[in-house]
Amino acid sequence: MPGIEVPKEKWSGKVREVTLGATAANGGTRSRTVTVGGETTLPFLTFEGTIPHPPAIAVEVRDSQPTDWPSLLIEAWNGATQTPGAWARAAEASGADLVALTFSPSDRLNAAYARQTLREVLAATGLPLVVFGTGQADLDNEILVAVAEEGKGENLLLGVCEEKNYRTIVAAALAHGHLVNARTAMDVNLAKQLNILIHDMGMPLERIIMDPTTGALGYGIEYGYSVMERLRLAALQGDSMTQQPMLVTPGEEAWRTKEARAAEGVPAAWGDYATRACNWEVLTASALIESGADIVILRHPQSVKRVRSVIQALMS
């Protein structure tokens with residue numbers, strides 16, 4: 001109404017900007033870089049502050065075709081999941097900003113195999129890379145050190161750094177000029193503490209992405225959302241150790257729910273399986289973007305297009 005001023009919050013803090021990837025000018029081979037962070041306000045409230053970079057979308061690419069993913073998800077990539085290189089090319093063609101190469105435990109997985117896989121993916125796409133290990137500490141220490149050395153100059157985002165297993169990964173990232181992904185259970189203080197521990201090793205805060213983890217739609221997303229919201233509020237209020245951009249994995253979370261996996265034996269009210277499964281990922285990712293996620297890792301190519309539309313609408 002005329003004459004009524006809309007109240008505005010005034011924030012003293014700012015989310016740090018973090019750049020992933022390196023072009024030839026910076027010693028890498030990527031066709032472009034991706035910068036996230038820099039916000040001076042809550043998500044998409046541009047009347048109160050600035051949001052210089054839109055949230056980025058990464059597509060998860062495995063080193064080998066997963067055996068535990070729903071067939072619907074594998075088939076959506078039209079055979080590209082047979083090799084990580086073909087999958088990475090398809091991910092770029094789908095409209096992704098980043099490729100998230102994730103290694104699965106297997107008998108053939110070792111340092112040499114990890115190097116070879118990284119080279120294949122780097123050759124197949126010009127997008128910046130996120131590289132995640134298996135989640136097994138001893139194995140990840142071996143393969144991520146090799147990946148860090150092989151990818152020197154590429155400004156990779158390496159993970160997953162957890163409190164029980166961050167020192168070796170951080171040391172490798174420091175030695176070869178990469179970034180790290182700091183993952184904690186859904187807890188503000190744990191996220192802050194891991195950032196402090198990694199920074200105490202000498203890692204600049206501009207090279208840390210925070211991963212507070214989350215649940216899927218209907219499976220704990222409310223708690224994950226609230227933790228991310230509290231982290232962003234703390235960052236904007238000036239808490240330096242919470243001012244990292246946030247990455248979450250809605251693809252992983254959504255595609256292990258019953259709603260995204262069960263094609264038969266469910267109530268008719270659940271609707272068409274293919275539509276429902278993709279909706280679960282899109283809605284999970286969209287909610288997390290609203291809570292402050294700067295990077296979301298997705299799995300379905302259709303989800304990439306739909307989440308991109310959500311981001312464009314919110315940014316405009």
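Colleague: Where does R16 lie?
Modeller: This is a predicted model. In it, R16 comes ahead of a strand that spans 18-20. That places R16 in the segment before strand 1.

Colleague: Is R16 buried or exposed?
Modeller: The relative accessibility of R16 is 14%. The cut-off for buried is under 20%. R16 therefore counts as buried.

Colleague: Which side chains make polar contacts with the side chain of R16?
Modeller: R16 is in contact with residues including V36, G37, L205, E206 and P245, leaving aside neighbours within four places in sequence. Its side chain has a polar contact of 2.6 Å with the side chain of S240. Another, of 2.7 Å, joins the side chains of R16 and Q244. The partners are S240 and Q244.

Colleague: Is N26 buried or exposed?
Modeller: N26 sits in the loop between strand 1 and strand 2 (34-36). Its relative accessible area is 56%. The cut-off for exposed is over 50%, so N26 is exposed.

Colleague: How many Å apart in space are N26 and G153, C-alpha to C-alpha?
Modeller: In sequence, 127 residues separate N26 and G153. In space, their C-alpha atoms are 7.6 Å apart.

Colleague: How many disulfides does a search of the whole structure find?
Modeller: A disulfide is a covalent bond between the sulfur atoms of two cysteines. C161 is buried at a relative accessible area of 0%. C278 is buried too, at 5%. The search of the whole structure gives a disulfide count of 0.

Colleague: What distance separates the end C-alpha atoms of helix 6?
Modeller: Helix 6 covers residues 188-200, which is 13 residues. At 1.5 Å a residue, the helix should span 18 Å. The model agrees with that, at 19 Å.

Colleague: Within what arc do the buried residues of helix 6 fall?
Modeller: The buried residues are V188, A191, L194, N195 and I198. Seen down the helix axis, they line one face, because they fall within an arc of 135 degrees.

Colleague: Which residues are exposed on the other side of helix 6, and what covers the buried residues?
Modeller: N189 and D200 are exposed on the other side. The cover over the buried residues includes strand 6 (157-161), helix 5 (167-176), strand 7 (179-183), strand 8 (208-211) and helix 7 (221-236).

Colleague: Which residue caps the N-terminal end of helix 6?
Modeller: Look at the backbone nitrogen of N189. A side-chain oxygen lies 2.9 Å from that nitrogen. The oxygen belongs to the capping residue, D187.

Colleague: Which strands stand at the edges of the open sheet?
Modeller: The sheet has 8 strands with parallel pairing, in the order 8-7-6-5-4-3-10-9. Each edge strand has a single partner, so one side of it is left without a neighbour in the sheet. The edges are strand 8 and strand 9 (247-248).

Colleague: How many residues of strand 4 are buried?
Modeller: Strand 4 covers residues 98-102. L98, A100 and T102 are buried on one side, and V99 and L101 on the other. The count of buried residues is 5 of 5.

Colleague: Which residues stand opposite L101 and V99 of strand 4?
Modeller: Strand 3 (residues 56-62) runs parallel to strand 4, joined by 5 bridges. Strand 5 (residues 129-132) pairs with strand 4 in the parallel sense over 4 bridges. Opposite L101 stands V61, and opposite V99 stands L129.

Notes: Residues numbered from 1 in each chain as written. Predicted model: local features only at pLDDT ≥ 70, side-chain atom pairs only at ≥ 80, totals over all residues. Heavy atoms only, no water. Helix = DSSP H or I, 4+ residues; strand = E, 2+ residues; numbered from the N terminus. Buried < 20%, exposed > 50% of the residue type's maximum accessible area, 1.4 Å probe, protein only. Polar contact = N/O pair within 3.5 Å; in protein donor to acceptor, adjacent residues only side chain to side chain. Contact = heavy atoms within 4.5 Å. Disulfide = S-S within 2.5 Å. Expected span 1.5 Å × (residues − 1). Arc of directions from axis to C-beta. Pairing = 2+ DSSP bridges.
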